[in-house]
Amino acid sequence: MHWLFIGCAALSLSFPTSAVFHGNVDHGHWNELRGLTHRDSSNASQIKKSSAPFVIDTFKNPTRNDLGFWHGSGEDLPVEYGPGFIRLFPTDPDENFHTQFDSNACYSLVPWHNEYLHVIFEGTDKYSVSFNQHNDECSSQRSPFPGIADSVQAERYVVHPASEAYDSDDDWDEDGDDDSDDDDDVKADAGRKKHKHRKHKGGRRKRPHGNAHIPAGPRELYIPLSHFNIDFNRVVSISFHGFYTKEPLTLHHVEIVPNVPAPSQENSHYRVPGKLPSGRLVLRCSRPNSFAFGIDDGQPQYSQQVMRILDDEDVRVTFFVVGAGLRDRTTNFTEFYREMLRKGHQVALHSNTHPKMEALPTLSQIDDEIIQSMQIFRDRLDIKSSYFRPPFGTVAARMRQELARHIPNPYIVNWSVDVEDWLWANTTTPEKQLEAFVRSVGKGGNLAVMHYLNPTTIGYLPEFIRHVKRAGYHIMRIDQCMEDASAPPVVNG
């Protein structure tokens, strides 16, 4: 059996044809939106002048929000526009809807940092909300664009009217367990332990599964901006994504407000929940003049060729390893990665069976992907790792939160350089992999994703490495390029 022939394909985005984009539309992960050119950016240092709500989007226009900037869907998310609403019909967690703050520059929300994102919506609350940060140069022409995102789980922040008749003394979790205030640890042992969730009053309540629990009519959520760990001097957009059901979502109103409603019987004594710990998303190296290759699993028959290339070029990389492949003794992956560790490479987590983890319906299933991969790393490689590459690059709040429950301060590693082997390796134009790599490096990317699934990709690996060296970068492991204090020292760095 082969274990990772799917690869971590980055998915292309789809935007309304009426939008005018900066540059070419790249194939990238979910938050690579493009800015409009219809208006000069003049709000990057905007000063808050009053305590009135800061209205961002009331969906009066199918292509622009109330700020005059682009809003729209990505990853072919089906949408229905109406007067004062946008209805989303999700089928995949990578699908997304963005509403953008500016076209060409960083937008500052620092004056609103202590206020609340207020969203009026109908339908499902099974999604994530993200604030997206610009890159260091505040340029849509540089990679990555946007820089990073931080996400929260929408359902934790929903106001539940008294008419929904939930038990206000109990929280709900997807395992159906009662929660405990002092039980915040999850043991990642060989056997599955009972998974407890910390109680967050005003957060999730017990409710039945299925479509029947979705209340009719508009609902509200309030999220403190302080719950988003980004630089609010450099905001690009808000996005709605990470859908893990196919229930529609209708957005009516997105704004920032100074206060939340006072607890009352009408709102089930609503209180804003505390922020859950969340994994740190990284897309690029922080060490100056560094470059890192994140190589995901591939075909066992190519592993020795990859090893020889890395030896010949005298570079160290990071391998992201699917746990199931280590369990299959016919792959010989265990011995291969043990040898990679002996040679000084980093070996990091990549789930147990390579699903889109945000698509899994329960937290228990997300946990099992994490726990089982941690366990096989201990059993077969005798290592722990705090670095995790999400399958397919799919990132949203639930996975980030569950990783942080099991791994202290985890790094969730996507990329700013994509060789696009998932797109070109098996075509008549495999050289486009090299073109994609050179293009991404030229735009400032310094953290790569690739696989050893196809001989054409492996054939280009020496050229990838030499191009980076000629550009003046020093190639190293991801933990080293992130200046992690626990990483081995950089030699000649």
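Where does proline 144 lie? I began my notebook with that one, and I found proline 144 in the loop between β7 (128–133) and β8. A reminder to myself before going on: this is a predicted model.

**Entry one: the loop between β7 and β8**

I looked at the peptide bonds here. Serine 143 and proline 144 are joined by a cis peptide bond, with omega at about 0 degrees. I then found a cis peptide bond between phenylalanine 145 and proline 146, where omega is about -10 degrees. Proline 146 also has its place in the loop between β7 and β8. I kept in mind that most peptide bonds are trans.

Next I turned to cysteine 138, which I located in the loop between β7 and β8. Its phi is positive, about 50 degrees, although cysteine 138 is not a glycine. Is cysteine 138 buried or exposed? I noted it down as partly exposed, because its relative accessibility is 22% and partly exposed begins where buried, under 20%, ends.

**Entry two: the largest pocket**

I went looking for open space. How much space lies in the largest pocket? I wrote down about 470 Å³. I counted 24 residues in its lining, and those nearest the centre are Gln133, Ile148, Arg280, Leu281 and Val282. Two strands caught my eye: β8 (148–153) and β12 (280–282) each give at least two residues to this lining.

I also checked which domains take part. Domain 1 (54–161 + 214–275) and domain 2 (281–482) each contribute at least three residues to the lining of the largest pocket. Sorted by class, that lining holds nine nonpolar, eight polar and seven charged residues.

**Entry three: the second largest pocket**

Then I moved on to the second largest pocket, whose volume is about 350 Å³. Which residues are the closest to its centre? Of the 17 that line it, I listed Asp314, Arg316, His474, Ile475 and Val491. By class, I found eight nonpolar, four polar and five charged residues in the lining of the second largest pocket.

**Entry four: back to aspartate 314**

I wanted another look at aspartate 314. I found it in the loop between α1 (303–313) and β14 (318–321). The phi of aspartate 314 is near 55 degrees, a positive value in a residue other than glycine. Most residues other than glycine have a negative phi, so I marked this spot for a visit on screen. Aspartate 314 is exposed, because its relative accessible area is 57% and exposed means over 50%.

Notes
Residues are numbered from 1 along each chain as its sequence is written. This is a predicted model: local features need pLDDT of at least 70, side-chain atom pairs count only at pLDDT 80 or more; totals for chains, interfaces and linings use all residues. Side-chain values use heavy atoms; hydrogens and water are left out. On a 1 Å grid over the protein atoms alone, a cavity is a set of points where a 1.4 Å probe fits but cannot get out, and a pocket is an open set with protein on both sides within 12 Å along at least five of seven lines; lining residues have an atom within 4 Å of a point. Grid points are joined across faces, edges and corners, and a volume is the space filled by probe spheres set on the points. Ala, Val, Leu, Ile, Met, Phe, Trp, Tyr, Cys and Pro count as nonpolar, Asp, Glu, Lys and Arg as charged, and the others, Gly among them, as polar. Domain bounds come from an automatic or database domain assignment. Buried means under 20% relative accessible area, exposed over 50%, partly exposed in between (1.4 Å probe, protein chains only).
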